[in-house]
Amino acid sequence: MKKLLLLAVFFTATPRVQAGKPHAFGTQDYIRALKQITDVMVNDVTSPVAASRYYAYLNLSAWEVQSACQPAKYPTLSGTLNGFNTLHFIPAPPSTDPHLSVIIALYKAAQKLLPSGHLFKMNLDSMRNKYGKSGMDAQPYHMAETLADTIVAQVIRYARADGFTKLNNLPRYIVRDGPGYWNPTPPVFMAPVEPHWNTIRPFVIDSAQEYKVLPPAPYDTAATSPFYKMMKEVYDISEHPKKEQLDIAEFWDCNPFAVQQIGHVEYGVKKISPGGHWIGITGICCEKQKLSFEKTVAAPVCKYCAG
């Protein structure tokens, strides 16, 4: 309660920013920040499923800060997402730069969530040095940072309760012998990626049971079986691929750690994850459509919110 009162006093005692004053950041800055976050995930060799989780909470942090600044236009997702029902903050005063707040929140959420989040300290220090200097001009920055800190802390608590931290304590995947069962393959014989990911709390649906899909074609080596025909198609293309097919395959090759072998030498190539690939595509679309900063923040969250 004391913290809330202090925040209230801090906000009400701050003068308004002059009307028409330009924002510190624009659409391209948000896209660039997400690209920097993607680069850190690539460096960390973040698995596809873990990357999708990180992007979800990072963009949720940005969205909630934007909502705090413009609640009528961009409603909060508190009360809509599973378990996300206790978001509390002091309403942002008119003098708060929402763009600055969003960018700060994005970097701070990444700093707390990602294994190499400490790398974003330089970004935050740079902004603080540029916009948070002493004197009256520094107050809008400190308001933006206070708002970002308040909301990011709550989103991080929400993230840490989704079951992700319990995955390492669950039983390991047991490889089964026999035709039709998955087995590690050369050259690396990597373990399966997060076989217990279905235990993670979903954001909106009750469970995966709400969207049941048809089972895969059963393993069958008969030349007339659906399984054999699909495998044969893949094999034939891989034996004599066309340039267009190679280009398509390379474009969608989102293996975060692709191990390649040349003779007796093996080396790993770090690549973008599927989630990071789509985040990048979303950024390109936002730039081409010349979307506003606000709609660009909304785009990774939901199509409806983007308008």
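**Close-up 1. Helix α3 crosses helix α6 in this predicted model.** Here α3 spans residues 48-69 and α6 spans residues 139-159; their axes come within 9 Å and cross at roughly 140°. An angle over 145° would count as roughly antiparallel, so this pair is described as oblique instead. The crossing of α3 and α6 is right-handed.

**Close-up 2. The residues that meet between α3 and α6.** To find your way around this contact, look on the α3 side for Arg53, Tyr57, Leu60, Ser61, Glu64, Val65, Ala68 and Cys69. Their partners in α6 are Leu147, Ala148, Ile151, Val152, Val155, Tyr158 and Ala159. Sorted by class, the contact has 12 nonpolar residues, 1 polar residue and 2 charged residues.

**Close-up 3. Helix α2 packs with helix α9.** Now turn to α2 (residues 27-44) and α9 (residues 274-288), whose axes lie 10 Å apart at an angle of about 165°. Because angles over 145° count as roughly antiparallel, α2 and α9 are given that description. Their crossing is left-handed.

**Close-up 4. The residues that meet between α2 and α9.** From α2, the residues to pick out are Gln28, Ile31, Leu34 and Thr38. Across from them, α9 brings Gly276, Ile279, Gly283, Cys286 and Glu287 to the contact. By class, these residues divide into 4 nonpolar, 4 polar and 1 charged.

**Close-up 5. Serine 116 sits in a loop between two helices.** The loop in this view runs between α4 (98-113) and α5 (121-131). Is the serine at position 116 buried or exposed? Its relative accessibility is 13%, and under 20% counts as buried, so serine 116 is buried. Leaving aside residues up to four places away in sequence, serine 116 touches Val40 and Asp44.

**Close-up 6. Two buried cysteines, 69 and 254.** Cysteine 69 has a relative accessibility of 19%, so this residue falls under the 20% cut-off and counts as buried. You have already met Cys69 among the α3 residues that contact α6. Cysteine 254, at 11% relative accessibility, counts as buried too. How many disulfides does the model contain? With a cut-off of 2.5 Å between cysteine sulfur atoms, the count comes to 0 disulfides.

Terms used. Residues are numbered from 1 along each chain as its sequence is written. This is a predicted model: local features need pLDDT of at least 70, side-chain atom pairs count only at pLDDT 80 or more; totals for chains, interfaces and linings use all residues. Side-chain values use heavy atoms; hydrogens and water are left out. Axes are lines fitted to C-alpha atoms, for helices over the stretch in contact, and angles run from 0 to 180 degrees between N-to-C directions. Helices (H or I, at least four residues) and strands (E, at least two) are DSSP runs, numbered from the N terminus. Angles under 35 degrees count as roughly parallel, over 145 as roughly antiparallel, 65 to 115 as roughly perpendicular and the rest as oblique. A crossing is left-handed if the near helix is turned anticlockwise from the far one by less than a right angle, and right-handed if clockwise. Contact means heavy atoms within 4.5 Å. Ala, Val, Leu, Ile, Met, Phe, Trp, Tyr, Cys and Pro count as nonpolar, Asp, Glu, Lys and Arg as charged, and the others, Gly among them, as polar. Buried means under 20% relative accessible area, exposed over 50%, partly exposed in between (1.4 Å probe, protein chains only).
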